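Trainee: I should be grateful for a close look at a single part of this model, followed by an account of how its strands are arranged. Please explain each term as it arises.

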Amino acid sequence: MAHATIYMGVTIPQFLRGAGRICPAHSALTVLRHSAFCYCTVNGTLKSKRKMDHLERTASNFRQEVISQAKVCGITNESETVKRLRLAIANKDFTFKAGQWVDFFIPGVSVVGGFSMCSSPGLLEREGILELAVKYTAHPPAHWIHTECTLDSEVALRVGGDFFFDPQPGDSPVKLVLIAGGVGINPLFSILLHVADLHGYQEGKGNAYKMGTVKLYYSAKNTKELLFKKNILGLMNAFPGKITCRFHVTQQSSQICEELQPYVTEGRISEKDLEKHVSKDTLWYICGPPPMIESISKLLYNVGVPRNCVFFEKWW
């Protein structure tokens, strides 16, 4: 009998040798879907006092049925503490929306990881590739990625999450403000890359969704911990005026490099930074530590942003 781990009343094999289907962790397969862009975690109360397991914490979230085998085909150091994995996906039915995460099943590791994608759905469609950026911790899945994972390592993945941006061609244009703290940049970078794909498709075809402007605010302790910064600068150069970014650093002790200086502010993201973006056609996406989400959400409500325009992903 195959070894399996029981979580929340659901039996999940530790590793699947091929794509498979099992019941999602919540009891119903029917999930409300907005006809516009997103069905997201909205206006929740952040009161958790203990660190819950990923499957427990996300038990009420949407999950796909498809579980796919994946093979590690690239490993790079995104920073001193974050590894970026490039995964080749075997199952052609495997899809995700920008902003979602995966359940990460590792052979021989009983704990299931949960990591947001940092690549675009377009990359998966074009090349069959998905990317994750994982910070080092003692949590078994993250520890495995940093200490045991190698090229050609095999894992299994299942997509989940109610936090995403997925506009359709007939939807009304919106502007986005993305607000990231630390490794919370991952799902927002996926959204940013998806926006770049939408802009590129619009320029090439002329009949796609007409994407509005996007502003990214990204806060970290120092510039060394700003993930994807070169990619983000490249997107700003590729789509001037359409994609803009402001980096914030809170504990910078060294000189900021010349390339980054025009885009860096020392200090936290403030009300003054955000209030200028308030409009009826702006959606706000936040991902970071719970205290940051709580603070930024309250700030947005105080300057008149409707609660149904603020979406967040909570990572501990």
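Mentor: Let us begin with helix H5, on one side of which Lys 230 and Asn 237 are exposed (exposed means over 50% relative accessible area, buried under 20%, and partly exposed in between, with a 1.4 Å probe and protein chains only). The model is a predicted one, in which local features need pLDDT of at least 70 and side-chain atom pairs count only at pLDDT 80 or more, while totals for chains, interfaces and linings use all residues. Residues are numbered from 1 along each chain as its sequence is written, and side-chain values use heavy atoms, with hydrogens and water left out.

H5 covers residues 229-238, and within this helix Ile 232, Leu 233, Leu 235 and Met 236 are buried. These four lie on the same side of H5, because they cover an arc of only 155° around the axis. The arc is taken from the directions that lead from the helix axis to the C-beta atoms. The helix itself is a DSSP run (H or I, at least four residues, whereas a strand is a run of E, at least two), and the numbering starts from the N terminus.

We may now turn to the strands. An open sheet is formed by six strands, whose order is S13-S12-S11-S10-S14-S15, with parallel pairing. Strand S13 (264-266) and strand S15 (310-314) stand at the edges with a single partner strand each, so one side of each has no neighbour in the sheet. From one strand to the next, the twist averages 15° (axes are lines fitted to C-alpha atoms, and angles between N-to-C directions run from 0 to 180 degrees).

Within this order, strand S10 (residues 175-181) and strand S11 (residues 214-220) run parallel and are joined by six bridges; two strands pair if DSSP finds at least two bridges between them. Opposite Leu 178 stands Leu 216 in S11.

Antiparallel pairing occurs elsewhere, around strand S4. Strand S4 (residues 63-77) runs antiparallel to strand S9 (residues 154-160), and six bridges join them. Here Ala 70 has Val 155 of S9 opposite. S4 is also antiparallel to strand S5 (residues 82-89), with seven bridges between the two. The bridge partner of Thr 76 is Arg 84 in S5. The connection from S4 to S5 is a hairpin of four residues.
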